[in-house]
Amino acid sequence: MNTQSQPDRIIIFDTTLRDGEQSPGATLNVEEKLAIARQLARLGVDVIEAGFPFASPGDFEAVQKIAQQVGTEDGPTICGLARATRQDIQAAADAVSPAAKPRIHTFIATSDIHLEYKLRKTRAEVLAIAEEMVGFAKSFVDDVEFSPEDAGRSDPEFLYQVLERAIAAGATTINIPDTVGYTTPSEFGAIIRGITEHVPNIDQAIISVHGHNDLGLAVANFLEAVKNGARQLECTINGIGERAGNAALEELVMALHVRRQYFNPFLGRPAESEAPLTNIDTRQIYKTSRMVSNLTGMFVQPNKAIVGANAFAHESGIHQDGVLKHKLTYEIMDAQSIGLTDNQIVLGKHSGRNAFRTRLKELGFELGDQELNRAFLRFKELADKKKEITDWDLEAIVNDEIQHTPARYQLEHLQVSCGDHSKPTATVTLLTPDGQELTDAAIGTGPVDAVYRAINRVIDLPNELIEFSVQSVTAGIDAIGEVTVRVRHEDRIFSGHSANTDIVVASAHAYVNALNRLSFVLEQGRSLHPQHPVTAAVAQA
Ligand code: KIV
Ligand code: ZN
């Protein structure tokens with residue numbers, strides 16, 4: 001095996017902004033994608049798959065801006081996804097071209113079931129397309145990744161042939177997707193081993209893996225793949241993604257970190273080596289998880305490994321006693337290692353604009369003047385209500401501000417009356433996209449219901465509220481409450497999020513935010529989905 005193509009560390013390829021954004025309701029705007037991309041760079045991912053540029057002008061713009069602003073010389077590789085067609089590859093090439101390290105990722109399905117029903121192509125045709133389109137991608141960039149979609153259910157002999165041809169045409173990474181999350185760890189490991197043994201030119205490419213969590217096995221499958229030669233892992237923050245999601249970055253990275261003595265020998269290192277197996281700054285994990293959860297509206301379950309609210313909480317008396325006597329009795333990793341305890345009390349009522357700006361910079365937020373002004377006003381309002389402002393409060397404010405751009409409808413005024421023996425009533429004033437101020441009122445079963453009914457009287461976008469959740473950012477009665485809502489319009493889901501010490505106000509903003517996304521998408525038209533059958537486009541390859 002060639003050591004250059006099989007490095008002795010694991011490459012982390014983050015696809016939160018592409019596969020993660022394919023989660024129902026996780027649609028992000030350009031500003032939000034940029035904010036996440038910057039945070040992924042701080043986290044230390046090697047490759048950011050920034051989107052599917054051919055999908056829509058908005059997707060193209062987001063990938064291009066990420067390539068310009070985050071894909072710097074010492075930043076991550078910026079990758080764009082493309083089906084194996086000329087238009088897709090051309091769009092991906094144009095979008096990633098401003099990056100110092102651009103990559104095109106092109107794919108075509110190889111399982112018989114996809115060939116017969118989705119592509120309606122023979123194996124010979126798919127072989128020829130893969131070779132030709134990798135060659136076409138190579139005419140734009142040196143760094144080309146090729147994926148045989150649904151590799152997990154493909155005939156291994158055909159898979160070996162396709163991979164050999166793709167590598168010969170210039171693919172430098174070959175990615176093996178378990179597209180439908182069907183394989184078990186030993187099967188997936190065997191697929192990777194088979195590739196190392198049967199693809200003659202495999203030493204010229206890095207083996208990558210991509211997998212979905214339909215059976216909850218994605219992370220386990222990847223770890224088995226690492227033992228068998230995979231050196232790039234495609235994953236998402238909080239494991240978000242199509243259907244049950246992708247392999248979770250934080251779980252993979254922490255498994256490789258906590259159990260490095262177990263994994264070291266598989267990467268040709270002495271078992272006792274302390275050198276990290278990935279480039280990830282693990283102390284950025286918690287912050288990244290919260291940002292992705294806030295901006296996508298994808299709630300993290302409390303018992304989620306690594307980043308769930310209970311992941312480091314010991315409830316049982318026996319466990320608490322053990323941890324007090326010696327941490328290692330019940331803790332295999334330290335909460336500090338994922339940045340969970342970095343929540344310092346930093347600012348207060350008397351802190352000025354400079355201190356505010358400086359702390360935001362230290363936290364990695366670079367806001368434009370307007371955003372900074374709005375965030376500072378929010379901070380001052382909060383400081384009047386809450387004595388001590390922590391880093392997490394600041395993050396909640398800033399995530400909220402990022403979300404509000406570009407706002408279409410704006411909540412100008414909200415008044416609610418409720419209580420025992422009274423009918424909850426809300427009056428709202430909204431600023432419409434054409435600058436009109438509209439006011440309306442409604443009665444509801446509770447204050448939030450009344451607010452939502454009043455908003456619906458102003459914004460006429462039929463929808464069904466399918467999720468409403470409130471979480472507090474920090475402990476204490478004066479804590480900021482974060483509200484996440486998800487609404488369904490026809491067959492699409494849109495989420496909205498907001499944070500405020502008043503949860504009724506946060507609820508109103510979160511709902512307006514979800515409706516803004518809905519109205520934006522209705523105006524822009526639909527984005528193409530990279531994996532849905534669009535045979536006309538594929539036929540042009
Ligand atoms: O799941 C999958 O197969 C994919 C490919 C586009 C890599 O997301
Ligand atoms: Zn996928």
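User: What do the buried residues of helix 9 pack against?

Analyst: Quite a list: strand 1, helix 1, helix 8, strand 8 (232-235), helix 10 (260-263) and helix 11 (285-296). Keep in mind that this is a predicted model. The residues of helix 9 (residues 249-258) that are buried are Leu 249, Glu 250, Leu 252, Val 253, Met 254 and Leu 256.

User: What makes Asp 19 a donor of the zinc ion (ligand 2)?

Analyst: Distance. A donor atom has to sit within 2.8 Å of this metal, and the protein donors, Asp 19 (OD), His 210 (NE2) and His 212 (NE2), lie 2.0 to 2.1 Å from the zinc ion. That puts Asp 19 among the donors.

User: How are the donor residues of the zinc ion spaced in sequence?

Analyst: The pattern is D-x190-H-x1-H. Asp 19 sits in the loop between strand 1 (11-14) and helix 1 (30-43), while His 212 is in the loop between strand 7 (206-211) and helix 8 (218-227). These two are 193 residues apart, so the pair links distant parts of the chain. Both Asp 19 and His 212 are buried.

User: Why is the pair Arg 9 and Asp 46 called a salt bridge?

Analyst: The cut-off is 4 Å between a side-chain nitrogen of Lys or Arg and a carboxyl oxygen of Asp or Glu. Here the N to O distance is 2.9 Å, and the side chains do meet in a salt bridge. Arg 9 lies in the segment before strand 1 and Asp 46 in the loop between helix 1 and strand 2 (47-51), so the pair ties together parts that are 37 residues apart in sequence.

User: Why is Arg 9 called partly exposed and Asp 46 buried?

Analyst: Buried means under 20% relative accessible area, exposed means over 50%, and partly exposed is in between. Arg 9 has 24% relative accessibility, so it counts as partly exposed. Asp 46 has a relative accessible area of 13%, so it is buried.

User: How do you know that Glu 49 forms a salt bridge with Arg 18?

Analyst: Their closest N and O atoms are 2.9 Å apart, and the limit is 4 Å. Glu 49 is in strand 2 and Arg 18 in the loop between strand 1 and helix 1, 31 residues apart. Glu 49 has a relative accessible area of 0%, so it is buried. Arg 18 has 7% relative accessibility, so it counts as buried too. Arg 18, Asp 19 and Glu 49 are linked in a network of salt bridges. As for the total, the structure holds 30 salt bridges.

User: What makes Arg 457 exposed, and which residue does it pair with?

Analyst: At 55% relative accessibility, Arg 457 is past the mark for exposed, so it counts as exposed. Arg 457 forms a salt bridge with Asp 440, the closest N and O atoms being 3.1 Å apart. Asp 440 lies in strand 13 (residues 437-443) and Arg 457 in helix 16, so the pair ties together parts that are 17 residues apart in sequence. Asp 440 is partly exposed, with a relative accessible area of 23%.

User: How do helix 16 and helix 17 pack?

Analyst: Helix 16 (residues 447-458) and helix 17 (residues 503-524) pack at about 35 degrees, with axes 10 Å apart. Helix 16 passes helix 17 in a right-handed crossing. On the helix 16 side, the contact includes Val 451 and Ile 455; on the helix 17 side, it includes Tyr 511 and Leu 515. The residues of the contact divide into 10 nonpolar, 2 polar and no charged.

User: Why is Glu 242 called buried, and what is it in contact with?

Analyst: Its relative accessibility is 14%, so Glu 242 counts as buried. Its place is in the loop between strand 8 and helix 9. Leaving aside neighbours within four places in sequence, Glu 242 is in contact with Asp 19, Gln 22, Ser 23, His 212 and His 529.

User: What stands out about the phi of Arg 243?

Analyst: Most residues other than glycine have a negative phi. Arg 243 has a positive phi of about 50 degrees although it is not a glycine. Arg 243 is in the loop between strand 8 and helix 9, and its relative accessible area of 44% makes it partly exposed.

Technical notes
Residues are numbered from 1 along each chain as its sequence is written. Chains are lettered from A and ligands numbered from 1 in the order in which they are written. This is a predicted model: local features need pLDDT of at least 70, side-chain atom pairs count only at pLDDT 80 or more; totals for chains, interfaces and linings use all residues. Side-chain values use heavy atoms; hydrogens and water are left out. Axes are lines fitted to C-alpha atoms, for helices over the stretch in contact, and angles run from 0 to 180 degrees between N-to-C directions. Helices (H or I, at least four residues) and strands (E, at least two) are DSSP runs, numbered from the N terminus. A crossing is left-handed if the near helix is turned anticlockwise from the far one by less than a right angle, and right-handed if clockwise. Contact means heavy atoms within 4.5 Å. Ala, Val, Leu, Ile, Met, Phe, Trp, Tyr, Cys and Pro count as nonpolar, Asp, Glu, Lys and Arg as charged, and the others, Gly among them, as polar. Donors are N, O and S atoms within 2.8 Å of the metal (3.2 Å for Na, K and Ca); water is not among the atoms, so sites may look incomplete. Buried means under 20% relative accessible area, exposed over 50%, partly exposed in between (1.4 Å probe, protein chains only).
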